[in-house]
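Take a look at the fold below. The report then goes through it part by part.

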Amino acid sequence: MTLRHTRYACFGALAVLTVSALTACQSSGTTDGSNGGKPVVGVDYPRSDTDFWNSYIKYTPQYAKELGLDLKTTNSQNDVAKLTANAQTFISQGVKGVAMAPQDTAAVAPTLAQMEAKKIPVVTVDTRPDTGKVYMVVRADNRAYGEKACQFLGTKLHGKGKVVMLQGDLSSINGRDRTEAFNDCMKKNYPGIRVFGEATNWDGAVAAQKLQTDLTAHPDIKGVYMQSSFALSGTLQVLKQKGLLVDPKDKKHVFVVSNDGIPEELKDIGGGQIDATVSQPADLYAKYALYYLKAAIDGKTFKPGKTDHDSTIIQVRDGVLEDQLSAPLVTADGGTYGGVSSLKSDDKSLWGNNLG
């Protein structure tokens, strides 16, 4: 490597560097997991193919800076093998803590065990591991997502009719929680509504194909519950093809509820193309994942109970606490549905209306 090349890789280099020296120069941290007094933490992004997770990715460095943390990042692309490899990378970099959002909540257990053995605290975001210990789970109440969607659709359909539930992935605690809660709520409160549950593996193309099949077989379907905004584009396309993407006051309108609260959802609610969403706090996921990593590094501990940021910490099982952040129902009118109050889609407190 020439001097000219090393100038770009490591500013101020005055001699030819070895590969190991160059690596040390480019690393933002030191061997003790700090960078000029800033603790170095690792954040694994679970994927970058949805608007929600891209928003989370955008917020993360902002809050790392505010909290005085130096950041290492990887992207596991919805692949648990890549997550395992990324965790090894973080260990080799000497990070003091790791935030991750494992999409397969069963298969992550060996990685968590290794982190525990290395005394590296882990915060999981959005998902809760089926087994293993973590310092904190930062998540909203995903059963409430399904219940809020159920109450909205049940109210709009006056307790009768047919709805399609486009499930996420049932290997994920989120997919299971949302599915079970939606089904339980419908059975208890709206037994006159028939639910067609469709597993989609969080795949928009699969969701669109299954929705189209259901609408062809049951053209009287009047509601759709999308467990995430991954299905938004495909759902709207299918409804348009079927001549069902019409104003909410039109008798042909199919009521659509989503989960996430991305800007596009809020825009579509305002435009009458979908009807509601549950705003999953991408900004607060980033903020409190890093907040709890810093707390772990500082040796702080937490107990179940109310927090100072409008949430509740619960004990899920021995060794696992979960901070359940607020996730409001969002509608066009800000009304109340089945006892569930909602925010208007143009409410400025929603992160989806403040994403730059």
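What follows covers the overall make-up, one disulfide, three helix pairs and a few single residues.

## Overall make-up

This is a predicted model. The protein has eleven helices and 17 strands. Of its 356 residues, 51% are buried. Contacts between residues 24 or more positions apart account for 66% of those with a separation of 6 or more.

## The disulfide

How many disulfides does the protein have? The count is one. Cysteine 150 and cysteine 185 form it, with sulfur atoms 2.2 Å apart. That falls within the 2.5 Å cut-off for a disulfide. The torsion about the S-S bond is about -75°, so the disulfide is left-handed.

Cysteine 150 sits in helix H6 (residues 142–156) and cysteine 185 in helix H7 (residues 173–189), so the bond ties together parts that are 35 residues apart in sequence. Are the two cysteines buried or exposed? Cysteine 150 is buried, at 0% relative accessibility. Cysteine 185 is buried as well, with a relative accessible area of 7%.

## H6 against H7

The two helices that carry the disulfide also pack against each other. Two packed helices are described by the angle between their axes and the distance between the axes. For H6 and H7 the angle is about 40° and the axes are 7 Å apart. The crossing of H6 past H7 is right-handed.

On the H6 side, the contact residues are Asn142, Arg143, Tyr145, Gly146, Glu147, Ala149, Cys150, Gln151, Leu153 and Gly154. On the H7 side they are Asn174, Asp177, Arg178, Glu180, Ala181, Phe182, Asp184, Cys185, Met186 and Asn189. Both disulfide cysteines, Cys150 and Cys185, are in these lists. By class, the contact of H6 with H7 holds eight nonpolar, six polar and six charged residues.

## H3 against H11

Helix H3 (residues 51–67) and helix H11 (residues 282–297) have axes that come within 8 Å and cross at roughly 40°. That angle makes H3 oblique to H11. The crossing is right-handed.

H3 brings Phe52, Ser55, Tyr56, Tyr59, Thr60, Tyr63, Ala64 and Leu67 to the contact. H11 meets them with Ala282, Asp283, Tyr285, Ala286, Lys287, Ala289, Leu290, Tyr291 and Lys294. What classes do these residues fall into? The contact of H3 with H11 divides into twelve nonpolar, two polar and three charged residues.

## H4 against H5

H4 and helix H5 (residues 109–117) have axes that come within 10 Å and cross at roughly 10°. H4 and H5 are therefore roughly parallel to each other; the cut-off for that class is under 35 degrees.

Thr84, Ala87, Gln88 and Ile91 of H4 make the contact with Thr111, Gln114 and Met115 of H5. The residues divide into three nonpolar, four polar and no charged.

## Positive phi in two loops

Glutamine 77 has phi near 50°, a positive value in a residue other than glycine. Glutamine 77 is found in the loop between strand S3 (70–75) and helix H4 (80–92). With a relative accessible area of 48%, glutamine 77 is partly exposed.

Tryptophan 202 has phi near 55°, again a positive value in a residue other than glycine. Where does tryptophan 202 lie? Its place is the loop between strand S8 (193–199) and helix H8 (204–217). Tryptophan 202 counts as buried, at 11% relative accessibility.

## Glutamine 212 and aspartate 346

Glutamine 212 lies in helix H8. Glutamine 212 is partly exposed, at 34% relative accessibility. Leaving aside neighbours within four places in sequence, glutamine 212 is in contact with Val238, Gln241 and Lys242. Threonine 235 is 23 residues from glutamine 212 in sequence, and their C-alpha atoms are 8.6 Å apart.

Aspartate 346 is in the segment after strand S17 (340–344). Its relative accessible area is 49%, and aspartate 346 is partly exposed. Which residue lies 80 residues from aspartate 346 along the chain, with C-alpha atoms separated by 7.2 Å? That residue is leucine 266.

Notes
Residues numbered from 1 in each chain as written. Predicted model: local features only at pLDDT ≥ 70, side-chain atom pairs only at ≥ 80, totals over all residues. Heavy atoms only, no water. Helix = DSSP H or I, 4+ residues; strand = E, 2+ residues; numbered from the N terminus. Buried < 20%, exposed > 50% of the residue type's maximum accessible area, 1.4 Å probe, protein only. Axes fitted to C-alpha atoms, helices over the stretch in contact; angles between N-to-C directions. Parallel < 35°, antiparallel > 145°, perpendicular 65-115°, else oblique. Left-handed = near helix turned anticlockwise from the far one by under 90°. Contact = heavy atoms within 4.5 Å. Nonpolar A, V, L, I, M, F, W, Y, C, P; charged D, E, K, R; others polar.
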